[in-house]
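User: I'd like to learn how to read strand pairing and odd backbone spots in a model. Can you walk me through one?

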Amino acid sequence: MNICMVSSESVPFSKSGGLADVVGALSTALASLGEDVRVLLPLYGSGESSSFTELPVTLELPLLGGEELVTFSETTLNKVTYYFLRHPYFTARKGIYGDTSFTPYCDNLRRFALLNKAALALCKALDWKPDVIHCHDWTTGFVPYLLKTEQDPFFGKTRSMMTIHNLAYQGEFSRLELLGTDIMPEERMFSGERANKRTNMLKTGLEFADLLTTVSPTYAKEIQTQEFGCHLEGLLSERKNQLNGIINGIDYEEWNPETDPFLTHHFSAENLAGKELTKAEIQAEFSLEVDASIPLFAMISRLAEQKGFVELLEGSPCALERMLTEQRMQMIIVGTGDHTLEKKLVEIGKNHPNLSVNILFSNRAAHLLEAGADFFLMPSRYEPCGLNQLYSLRYGTLPVARRTGGLADSIIDLDENQEEGTGILFEQMSGHGILEAVERSLVWYRKGQKSMNEIRTRCMQWDSTWQRSAHSYLALYESSIRGNYVCV
């Protein structure tokens, strides 16, 4: 099957978040199954391109009432062909969406409209007919629209899939800006009413794609509700028969407790001794009392409202202070984000010797904490998929999380299913709900090491491979081509 991925980012070439991990890993997994996978990305000024090969393709694409000249480079990695769009909109800038995450480029609609046009034009120039064009997030939302409305015979059998990685980011712009893309407007491209009506790239993709997916089954249901639908719940409900949720996988080579280069002490589901040694190591490194009997919790997160920090820190004493005072436990928090939340956490850390607050971004710390902690706390308001709970399961660290999105799909609550349980889930999004979940997890810890190790072994046997996800996507691609959609 010929599969064309279109995205604004993909590891190892460009990354601002989890989208890049998904595109790179899914493409590799599909290629390992024998599919012809090709990925189109912009080439950013911060990217290293010296090893790329120049494609003998130069295209003139309509934009701003004229023609924009674009060229391409290519490389092959893990049996996947990557094409890179070269144009000053991308190559002359270091950032992906803006110079910082708070200052998006003012011409992002034109930038990514150019990427969308280039996707179809490049396939034609190469005489390569994709069976499926898989579009990722708002930056690729015009591709399904162009595919449907231009009705080019070359793409007569090509189907499109639109994947929502986070519905909160929709790519909204003024209607006037659409004129600069030389794309014919259509009423379904807009969101909002009257004076508030705006061009919406993600909504465009969701309206016109043959098949819709998101990154977990529960999130696929949640986004059809007013609470999680970000004003698109009506459209998503209308298209529910074409909407599927497939939970992401993780890189089993990068996240492997048996070979992890960040770990001094390796371990496996059959031999967990290295996990206890790692716990002692991080207790010492993060200035906590070194004591194997004290349950250790970890949080590695962006410090933001979405991640539950408002609920964790509101009130006096707040939920975090209460658990640290009332329970025999330790907590390590690593992350950056909202300065108000950072300041509050640091203040609490000064008053509680069993709390280590670290305002930093560190891949090494992430690996160490996933490996050495007993529990991983994820009190997210919403979580389309989530990766940290999957890393935790891989390292035998029990996730304690709100029952939402991918967290609900990848964690089995111990109190509901003692034989197969892998963590603790809670419903109530409040400080009390978080505190109660921590207390429940401590009950299980006090059952003793033998019981905990049995649960850890179950966690480590959970299948979070990308091969599982890739097979699900293949089934959807095939159903789209046949025209009889299936649920996977």
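Analyst: Sure, let's begin with one pair of residues: Val39 stands opposite Tyr82 in strand E5. Strands (E, at least two residues) and helices (H or I, at least four) are DSSP runs, numbered from the N terminus. A word on the source: this is a predicted model, where local features need pLDDT of at least 70, side-chain atom pairs count only at pLDDT 80 or more, and totals for chains, interfaces and linings use all residues. Residues are numbered from 1 along each chain as its sequence is written, and side-chain values use heavy atoms, with hydrogens and water left out.

User: When do two strands count as paired, and how many bridges join E2 to E5?

Analyst: Two strands pair if DSSP finds at least two bridges between them. Here, strand E2 (residues 36-42) runs parallel to E5, and five bridges join them.

User: In which sense do E4 and E5 pair?

Analyst: Antiparallel, with seven bridges between E5 and strand E4, which spans residues 66-77. For an example to click on, take Glu74: its bridge partner in E5 is Tyr83.

User: Is E5 mostly covered or mostly open?

Analyst: First the general idea: in a regular strand, side chains alternate between the two faces of the sheet. As for cover, buried means under 20% relative accessible area, exposed means over 50%, and partly exposed is in between (1.4 Å probe, protein chains only). E5 covers residues 80-86, and six of its seven residues are buried, so the strand is mostly covered.

User: What does the backbone do in the hairpin of E4 and E5?

Analyst: That hairpin has two residues between the strands, and Asn78 takes a positive phi near 50° there. Asn78 does this although it is not a glycine. At 48% relative accessibility, Asn78 counts as partly exposed.

User: Where is Arg194, and what is its phi?

Analyst: Look in the loop between strand E11 (190-191) and strand E12 (198-200). Arg194 is not a glycine either, yet its phi is positive, about 50°. With 73% relative accessibility, Arg194 counts as exposed.

User: Which peptide bond leading into Pro12 or Pro317 is cis?

Analyst: Omega is the angle to check. The bond joining Val11 and Pro12 is cis, with omega about 5°, and Pro12 sits in the loop between strand E1 (2-6) and helix H1 (18-32). The bond from Ser316 to Pro317 is cis too, with omega near 0°. You'll find Pro317 in the loop between helix H10 (309-313) and helix H11 (319-326).
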